[in-house]
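Please open the structure in a viewer and set the display to cartoon, with side chains available on demand. The tour below proceeds selection by selection.

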Amino acid sequence: MKIQRKLLNRIEGEVELKLLWDSGRIKDAFVCAPNYRGFEKLLVGRPYLDAVVITPRICGICGHAHLMASVEAIEDAYRKAGFKVELSDKAQRIRKLTLTCEFLQNHLRWFYLYLMPDIIKLEPNLRELYEPLKGSVWTEALKASNLPVKVIALFGGQWPHTSYAVPGGVVCDPTGWELVQAEFLLRKLKEFFEERLLGMTFENYLSLKGEEYLEKLGGDMRVFCEVAIDHGLHEAGASYDRFLSGGNFLPGVTSGVLSENGKKFSFEVSKVSENEDFSFFSKRKEAYTWSKAARYEGLPYETGPLARQLMSGNEIIKNLYGKYGSSVLVRVLARLDEGAKLLKEALVLLSGIKLNEPSWIKPPLETKNFSGKGVGVIEASRGTLIHEIEINQGKIKSYNVITPTVWNLGPRDGKYLGVVERAVVGMASELKAEIVVRSFDVCSVCTSH
């Protein structure tokens, strides 16, 4: 048996793949997050509002999602302690808009900057378009992915690591000029979607139906689909076919749980647990990663855009999943389709912001001696993100973070492989196995927060 160790690049942080080959196929796989970070420990003992400043530093790609989960955990603690927390419609729209923009930058960068450089290894004739730093489309996509980031900065003051959301609302008070700027940036992004990614107008793309979807796709989505099908990626990458989405914040991003036999259930955060058997936290000799393993009712579940779209009743993705299962092809298309629809929703959110409403409504309590517990559950671009906080006399007593990548890239437990580990077992190609891993949108720093 051959044992292969390999670092996966083009991600946030580092991930090491340990692949055990037997007779030309992967017999077993280990996804290792080698770096410990310790954000949860460094929060203990600090004033609890520090969490909205520190937790966005967990990730340089989805730090805004960590801010949202953190502030919602604190607001949940307020409510459970009997304090009323009000948010104006303006504050809610701005929070949703900036979170949506973070999805958009992530989805574009993941597809063009992280995934397509692997795809050109399958089809080298595409190199002049998608080669990192040189390809014409690659460089154009990098510029386009900066557009939603600038929208976040208009409202959040900076990106990454903004901390502009606080219990009771947001600290920005945008002007009409800033709304016009934001609309200009989003419409420029829409042009990129139409000219490059979709290869057609938004209206035509959104009119595509299940049976004709793949046939009529255009742009870079079509390029990807043709390569994926030619090289068997429409049949590679399935895991447990259990899916989970914890957040509800826009049409197309709804919560729920889908079992392997196709039954849907409501998501209940009380059924989430973490297993440390193969994490270095356990101090066992079998441990191989700093990640814990997230479980729902004791079982591994996949989270992310495919889970969200199946939960939201997306007919296109539902039909593709019915035909090809949870393959690389379907997982990639779910993320890109979600991006197109979220861009449409971002423009709707922006148009509804009323400048005369308050941005922040002060919660009716003194923070210095506050004690309570709260949970924030949201959807980040990579999937379900959970923050749990316990506050004692104004200080953080404990803080726990369960990231999307802990669901997908977490290790095995006593009975089940991790979701990604299961997805690559049986594969015969090292490159295709890497593409399968990447299709889950790998982030090491979130995994080992």
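Begin by selecting Cys59, which lies in the loop between α2 (51-54) and α3. The model on display is a predicted one, and the stops that follow should be read accordingly.

**The annotated cysteines**

Keep Cys59 selected and add Cys443: an unreviewed UniProt entry lists both under "binding site". Although they span 385 residues in sequence, no two of their C-alpha atoms are more than 8.5 Å apart, so these residues gather at one spot.

**The three-stranded sheet and helix α3**

Next, select residues 372-380, 383-392 and 395-402, that is, β12, β13 and β14. The 3 strands form an open sheet in the order β12-β13-β14, and their pairing is antiparallel. At the edges are β12 and β14, each of which pairs on one side only. From one strand to the next, the twist averages 15°.

Within this sheet, β13 and β14 are joined by 7 bridges in the antiparallel sense. To see the register, display His387, which stands opposite Val401 in β14.

Now add residues 63-80, helix α3, which packs on the sheet and touches β12, β13 and β14. The direction of α3 makes about 145° with that of β12.

**The four-stranded sheet**

Move to the open sheet of 4 strands, whose order is β8-β7-β6-β11 and whose pairing is mixed. Select residues 264-265 (β8) and 302-303 (β11) to mark its edges; each has a single partner strand, so one side of each is left without a neighbour in the sheet.

Then select residues 243-245 (β6) and 256-258 (β7), which pair in the antiparallel sense over 3 bridges. Which residue in β7 is the bridge partner of Ser245? Displaying the pair shows that it is Gly256.

**The packing of α4 and α10**

For the final stop, select residues 89-122 (α4) and 219-230 (α10). These helices pack at an angle of about 40°, with their axes 11 Å apart; α4 and α10 are therefore oblique to each other. Their crossing is left-handed.

Show the side chains at the contact: from α4, Phe111, Tyr112, Leu115, Met116, Ile119 and Leu122 take part, and from α10, Asp220, Phe224 and Val227. Colouring this set by residue class gives 8 nonpolar residues, no polar ones and 1 charged.

Note on methods:
Residues numbered from 1 in each chain as written. Predicted model: local features only at pLDDT ≥ 70, side-chain atom pairs only at ≥ 80, totals over all residues. Heavy atoms only, no water. Axes fitted to C-alpha atoms, helices over the stretch in contact; angles between N-to-C directions. Helix = DSSP H or I, 4+ residues; strand = E, 2+ residues; numbered from the N terminus. Parallel < 35°, antiparallel > 145°, perpendicular 65-115°, else oblique. Left-handed = near helix turned anticlockwise from the far one by under 90°. Contact = heavy atoms within 4.5 Å. Nonpolar A, V, L, I, M, F, W, Y, C, P; charged D, E, K, R; others polar. Pairing = 2+ DSSP bridges. UniProt positions renumbered as here; feature names shortened; annotations may be inferred.
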